[in-house]
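Open the structure in your viewer and keep the selection panel handy. We will walk through it one stop at a time.

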Amino acid sequence: MADEAVEAMMPFFKERFGNPSSIHRFGQQADAAIEEAREVIAEHLNCSVDEVIFTSGGTESDNLALRGVALAQRERSGKNHLLISPVEHHAVSHTAQQLASIFGFELEFLPVDGQGRVDPAEVLERLRPNTAVVSVIYANNEIGTINSISEIGKICREKGVPFHTDAVQATPYLSLDVEALSVDLLSLGAHKFYGPKGVGVLYVRKGTPILPIQTGGGQESGLRSGTQNVPYIVGMSAALKFVQTSQTKWNASLPTLRDWLIEQVEQKIPQSTLTGHRTQRLPNHASFVFEGVDSQKLLTLLDLDGFACSSGSACKTGNPSPSEVLLALGFPQKLALGSLRVTLGKDTTAEHVQLFFDCLVEKIKILRD
Ligand SMILES: Cc1ncc(COP(=O)(O)O)c(C=O)c1O
């Protein structure tokens, strides 16, 4: 976590412990703190404060967006067609699958190219009068590929269909201006931008049909009942301020390190393939598949030397089935089992990347031998 985020949170565990829904001064102090945080986030998203809904993280934001809009659309106008990409995080895809299997929605997957990108023209072709919601991931967690969200957003806007994007991975590096992106719903998770785990945001454009999926005391404009997690919300907003001051620097420095690593792997490790788009990818993200390598074993060996990497989504740790994202890109099952995802962060140096590469070469040799 960013030091700024930790420091900002601390008083809200002790001296400023009030419940933001309470009338007394402790409650009002807490309420003022979350409203200040809401302003910081609204400014970053270029939206109004009442369009910012605090949640428990990216997963909940994705669930609220998909389930909340799908149910509202069906209730209000009988729409029951869902359109999503096949490279969504499980927080979106499993929600859509449940809406299909239990609630009777019709789920359609958009095609993607070999780099995991959705062609906006394919969205236009598949939109129907009864499409309830469209969801396309902004930047992919497994392969780093960035989608043309604003183009897809414009198409959905013209057709009057609510459009959601999962921007959980995009936050530290890409613009989240919801006007420029033409999105109606956008998910954030604080721990992907140096904030605490277990807190996030769903942006909901005014007028978007949406029902709460968690009912109760009516907090967060009735869309997400439950006493807000004040310290975490404050920490998230401090982390976003940290992103604002660092983004330009990261976007200038990280691609050089990323591209050096990709080049070295491609040149010096035989039977290795870059996954995802070469240029339209997150500046901190490099991902590969290695023939004849079991990614779970590779991760364990890398960890022994102090390198923390992942293969598919971290949420799937311990699950040896191949990544659905890589299968959707056309990688054969066997190759998809040899995937590696390397992400660089605010403290990564050129020396770290060199040490990592040397270690990777050695571990792959051991596993192949
Ligand atoms: C693209 C994407 N969406 C959603 C999530 C889930 O977010 P959270 O861990 O905050 O629930 C993640 C986390 O890995 C992610 O990478």
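Start by selecting L127 in this predicted model. Is L127 buried or exposed, or something in between? Count the other C-beta atoms within 10 Å and you get 18. A buried residue would need 20 or more, and an exposed one would have 12 or fewer, so L127 is classed as partly exposed.

Now show the backbone on either side. L127 sits in a loop, with α5 (120–126) before the loop and β4 (131–135) after it. Add K159 and V161 to the selection: leaving aside residues up to four places away in sequence, these are what L127 touches. Then pick H81 and draw a C-alpha to C-alpha distance to L127. The two are 46 residues apart in sequence, and the distance reads 8.9 Å.

**Next stop: the two domains**

Colour residues 3–242 as domain 1 and residues 247–368 as domain 2. Their C-alpha centres lie 28 Å apart. To see where they meet, select the contact residues: domain 1 supplies 21 and domain 2 supplies 23. On the domain 1 side, colouring by class gives nine nonpolar, 10 polar and two charged residues.

**Next stop: the ligand**

Centre the view on the ligand and bring up the 17 residues around it. Which of them come nearest? Label G57, G58, T59, N141 and G189, and you have them. Keep your domain colours on for this view, since both should appear: domain 1 (3–242) and domain 2 (247–368) each give at least three residues to the shell. Now highlight helix α3 (residues 58–77), which provides the largest share of the shell, three residues. Switch to colouring by class, and the shell shows five nonpolar, 10 polar and two charged residues.

**Last stop: a pair of helices**

Select helix α2 (residues 25–45) together with helix α8 (residues 230–268). Their axes come within 9 Å and cross at roughly 30°. The crossing of α2 past α8 is left-handed.

Which residues of the two helices meet? From α2, show A30, A33, I34, A37, V40, I41 and H44. From α8, show V230, I233, V234, M236, S237, L240, K241 and Q244. Colour this contact by class to finish the tour: 11 of its residues are nonpolar, three are polar and one is charged.

Conventions. Residues are numbered from 1 along each chain as its sequence is written. This is a predicted model: local features need pLDDT of at least 70, side-chain atom pairs count only at pLDDT 80 or more; totals for chains, interfaces and linings use all residues. Helices (H or I, at least four residues) and strands (E, at least two) are DSSP runs, numbered from the N terminus. Two residues are in contact if their C-beta atoms, placed from the backbone, lie within 7 Å. Domain bounds come from an automatic or database domain assignment. Ala, Val, Leu, Ile, Met, Phe, Trp, Tyr, Cys and Pro count as nonpolar, Asp, Glu, Lys and Arg as charged, and the others, Gly among them, as polar. A residue is near a molecule or strand if its C-beta atom, placed from the backbone, lies within 6 Å of it. Axes are lines fitted to C-alpha atoms, for helices over the stretch in contact, and angles run from 0 to 180 degrees between N-to-C directions. A crossing is left-handed if the near helix is turned anticlockwise from the far one by less than a right angle, and right-handed if clockwise.
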